[in-house]
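Thanks for sharing this one. Here are a few notes to read alongside the coordinates, starting with the pocket and then moving to the helix packing.

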Amino acid sequence: MDNKDLMELIDEIKKRLRVSYEDAKAALERNQFNLVEALDDLEERSGIPIREKVEETGARLTGPTVTFRRGGQDLVTVPAVVVLAITLIGLKRPKLLLGAGAALLLSGTDAALTCQGREVSLHESVFRRSRKAAASVQEMRERLDDRLQDMKDQAFQKEGPSHGDRYFTIKL
């Protein structure tokens with residue numbers, strides 16, 4: 001076998017498996033330069049079959065998902081990568097993206113992100129934060145009203161009874 005053919009076989013093995021040139025060459029030599037047998041040999045020696053590696057990589061890429069729900073019923077589940085891509089494309093038209101987000105929230109549709117078995121409800125977290133913000137604004141308003149009333153009371157107490165009455169009193 002000439003060097004060019006050998007390099008092509010080694011490159012093919014390296015595309016499919018993460019091995020060094022030396023390991024690929026040794027596997028080919030052990031299996032009389034049969035590509036399929038060399039791949040099987042390397043797979044057995046690594047302890048993890050190629051199919052499992054491919055499935056594991058696929059699961060990592062498509063693992064995180066976004067599920068849209070309304071009324072507790074799943075409407076659609078899509079990979080988070082797709083939602084991210086649509087969002088990035090939507091950044092060219094921010095008004096449209098903002099409108100779509102508002103429509104989801106106002107319609108009661110929940111978007112839940114699921115990653116590694118953990119689920120986070122985006123709808124609930126947005127409403128929880130908005131409720132906190134509304135409560136904080138209400139509390140600030142009440143404190144300002146109280147402070148304004150205190151200032152009015154203090155101003156009235158400083159003036160006391162009007163001294164101007166004796167200057168403008170006309171006795172008959």
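1. The largest pocket in this predicted model holds about 590 Å³ of space. Its lining counts 24 residues, and those nearest the centre are Phe68, Val83, Thr87, Gly101 and Leu104.

2. Which elements build that lining? At least two residues each come from strand S1 (65–70), helix H5 (80–90), helix H6 (94–106), strand S3 (110–115) and helix H7 (122–159). H6 gives the largest share, with 7 residues.

3. In chemical terms, the lining of the largest pocket has 17 nonpolar residues, alongside 5 polar and 2 charged ones. If you plan a figure of this region, these classes could be a handy colouring scheme.

4. Now to the N-terminal helices, beginning with H1 and H2. The axis of H1 (residues 3–16) comes within 9 Å of the axis of H2 (residues 21–30), and the two cross at roughly 115°. That angle makes H1 roughly perpendicular to H2, since the class runs from 65 to 115 degrees. The crossing of H1 over H2 is right-handed. On the H1 side, the contact uses Leu6, Met7, Leu9, Ile10, Asp11, Ile13 and Lys14, while H2 contributes Tyr21, Ala24, Lys25 and Leu28. Sorted by class, this contact has 8 nonpolar and 3 charged residues, with no polar ones.

5. How do H2 and H3 pack? Their axes lie 8 Å apart at an angle of about 120°, and the pair is therefore oblique. H2 also passes H3 in a right-handed crossing. Here Asp23, Ala24, Ala27, Leu28 and Arg30 of H2 meet Leu35, Ala38, Asp41, Leu42 and Arg45 of H3. The contact of H2 with H3 contains 6 nonpolar and 4 charged residues, and again no polar ones.

6. The remaining pair is H1 with H3 (residues 35–46), whose axes are 11 Å apart at an angle of about 40°. These two helices are therefore oblique to each other, and H1 passes H3 in a right-handed crossing. Leu9, Glu12, Ile13 and Arg16 of H1 touch Leu35, Ala38, Leu39 and Leu42 of H3. This contact divides into 6 nonpolar and 2 charged residues, with no polar residue.

7. A few residues are worth selecting together on screen. Leu9 and Ile13 of H1 take part in the contact with H2 and also in the one with H3. Ala24 and Leu28 of H2 meet H1 as well as H3. On H3, Leu35, Ala38 and Leu42 face H1 in one contact and H2 in another.

Key: Residues are numbered from 1 along each chain as its sequence is written. This is a predicted model: local features need pLDDT of at least 70, side-chain atom pairs count only at pLDDT 80 or more; totals for chains, interfaces and linings use all residues. Side-chain values use heavy atoms; hydrogens and water are left out. Axes are lines fitted to C-alpha atoms, for helices over the stretch in contact, and angles run from 0 to 180 degrees between N-to-C directions. Helices (H or I, at least four residues) and strands (E, at least two) are DSSP runs, numbered from the N terminus. Angles under 35 degrees count as roughly parallel, over 145 as roughly antiparallel, 65 to 115 as roughly perpendicular and the rest as oblique. A crossing is left-handed if the near helix is turned anticlockwise from the far one by less than a right angle, and right-handed if clockwise. Contact means heavy atoms within 4.5 Å. Ala, Val, Leu, Ile, Met, Phe, Trp, Tyr, Cys and Pro count as nonpolar, Asp, Glu, Lys and Arg as charged, and the others, Gly among them, as polar. On a 1 Å grid over the protein atoms alone, a cavity is a set of points where a 1.4 Å probe fits but cannot get out, and a pocket is an open set with protein on both sides within 12 Å along at least five of seven lines; lining residues have an atom within 4 Å of a point. Grid points are joined across faces, edges and corners, and a volume is the space filled by probe spheres set on the points.
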